[in-house]
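Student: I would like to work through this structure with you step by step, beginning with its strands and then turning to the ligand and the cysteines. Could you show it to me before we start?

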Amino acid sequence: MLGSAREGGVTESLARRAAEGLPAGAECSWHQLSGLRFSGESASGAEGDEEACLKATLEHSDIVIVSPLYWYSVSAQTKLYLDHWATWMMRPDLRFRDRMRGKTLWAVSTFARGGAQDAEPLVGMLQRTARYLDMTWGGALLHRARSNGHLADPDARLHAESFFAAAPESP
Ligand SMILES: Cc1cc2nc3c(=O)[nH]c(=O)nc-3n(C[C@H](O)[C@H](O)[C@H](O)COP(=O)(O)O)c2cc1C
């Protein structure tokens with residue numbers, strides 16, 4: 001789930017590199033959260049956008065939140081997506097909670113200043129969300145980006161490639 005306000009940013013490119021390390025045959029789909037309309041926003045097409053996002057959420061074994069660090073947490077669009085998990089939980093026909101149980105939640109994020117500890121609120125919020133829904137926490141891939149859009153750590157792309165191979169932590 002791509003949560004940056006801009007397409008093709010450094011967080012997305014880090015996530016795409018991580019996806020290259022997925023086992024052969026693993027199916028993976030990408031969803032741009034920015035510009036996504038959710039029903040309740042009274043925008044035409046909102047229902048279709050939301051249903052597609054819901055379908056993607058339910059049909060995958062793993063959900064990867066790909067969000068740059070915005071004010072120490074996820075982007076507004078990512079938060080909006082997660083807020084819809086609560087809406088979906090209230091629809092009994094979906095059995096959302098049952099169907100999320102046992103999936104793995106991961107995070108990929110980049111930040112501009114400081115260190116990875118600045119992303120603690122982002123990681124903590126997602127870990128707790130995973131625990132709340134009886135999901136497994138996969139882990140967080142965090143790297144600092146320079147203002148030119150490149151990753152500060154020359155080994156970041158190498159780390160990314162082995163990210164999904166790491167054993168998920170218990171919820
Ligand atoms: C609204 C906003 C808030 C931000 N907040 C932080 C922050 O709290 N800490 C930080 O290190 N960088 C912050 N940044 C910088 C971004 O996290 C950083 O530039 C990131 O690499 C952008 O990723 P992208 O290219 O995928 O959009 C912020 C940027 C924006 C636009």
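Student: Which residue in β3 does Thr 110 stand opposite?

Tutor: We should keep in mind throughout that this is a predicted model. In it, β2 and strand β3, which covers residues 136–144, pair in the parallel sense over eight bridges. Within β3, the residue that stands opposite Thr 110 is His 143.

Student: In β2, what is the bridge partner of Ile 65?

Tutor: Strand β1, made up of residues 62–66, runs parallel to β2 and is joined to it by five bridges. For Ile 65, the bridge partner in β2 is Ala 107.

Student: How many of the residues of β2 are buried?

Tutor: Thr 104, Trp 106, Val 108 and Thr 110 point one way from β2, while Leu 105, Ala 107, Ser 109 and Phe 111 point the other way, and all of them are buried. The strand is therefore mostly covered, buried meaning under 20% relative accessible area, and the count of buried residues in β2 is eight of eight.

Student: Which elements each supply at least two residues of the shell around the ligand?

Tutor: The ligand is surrounded by 15 residues, and Ser 4, Arg 6, Thr 11, Leu 69 and Thr 110 are the closest. By class, the shell divides into two charged, four polar and nine nonpolar residues. The elements that each supply at least two of its residues are α1 (10–20) and β2 (104–111).

Student: What percentage of the accessible area that the ligand has on its own does the protein cover?

Tutor: Backbone N or O atoms come within polar-contact distance of ligand oxygen atoms, the cut-off being 3.5 Å: the distance is 2.9 Å for Val 10 and 2.6 Å for Leu 69. For Tyr 72, a polar backbone atom is 3.1 Å from an oxygen atom of the ligand. Of the 650 Å² of accessible area that the ligand has on its own, the protein covers 78%.

Student: Why is the sulfur of Cys 28 too far from the closest cysteine sulfur for a bond?

Tutor: A disulfide is a covalent bond that links the sulfur atoms of two cysteines. A search of the whole structure finds zero disulfides. The sulfur of Cys 28 is too far for a bond because the closest cysteine sulfur, in Cys 53, is at a distance of 15 Å.

Student: Does Cys 53 count as buried or exposed?

Tutor: Cys 28 has 40% relative accessibility and so counts as partly exposed. Cys 53, by contrast, has a relative accessibility of 4%, and therefore counts as buried.

Notes. Residues numbered from 1 in each chain as written. Predicted model: local features only at pLDDT ≥ 70, side-chain atom pairs only at ≥ 80, totals over all residues. Heavy atoms only, no water. Near = heavy atom within 4 Å. Polar contact = N/O pair within 3.5 Å; in protein donor to acceptor, adjacent residues only side chain to side chain. Areas by Shrake-Rupley, 256 points an atom, 1.4 Å probe, with all protein chains shown as cover. Helix = DSSP H or I, 4+ residues; strand = E, 2+ residues; numbered from the N terminus. Nonpolar A, V, L, I, M, F, W, Y, C, P; charged D, E, K, R; others polar. Disulfide = S-S within 2.5 Å. Buried < 20%, exposed > 50% of the residue type's maximum accessible area, 1.4 Å probe, protein only. Pairing = 2+ DSSP bridges.
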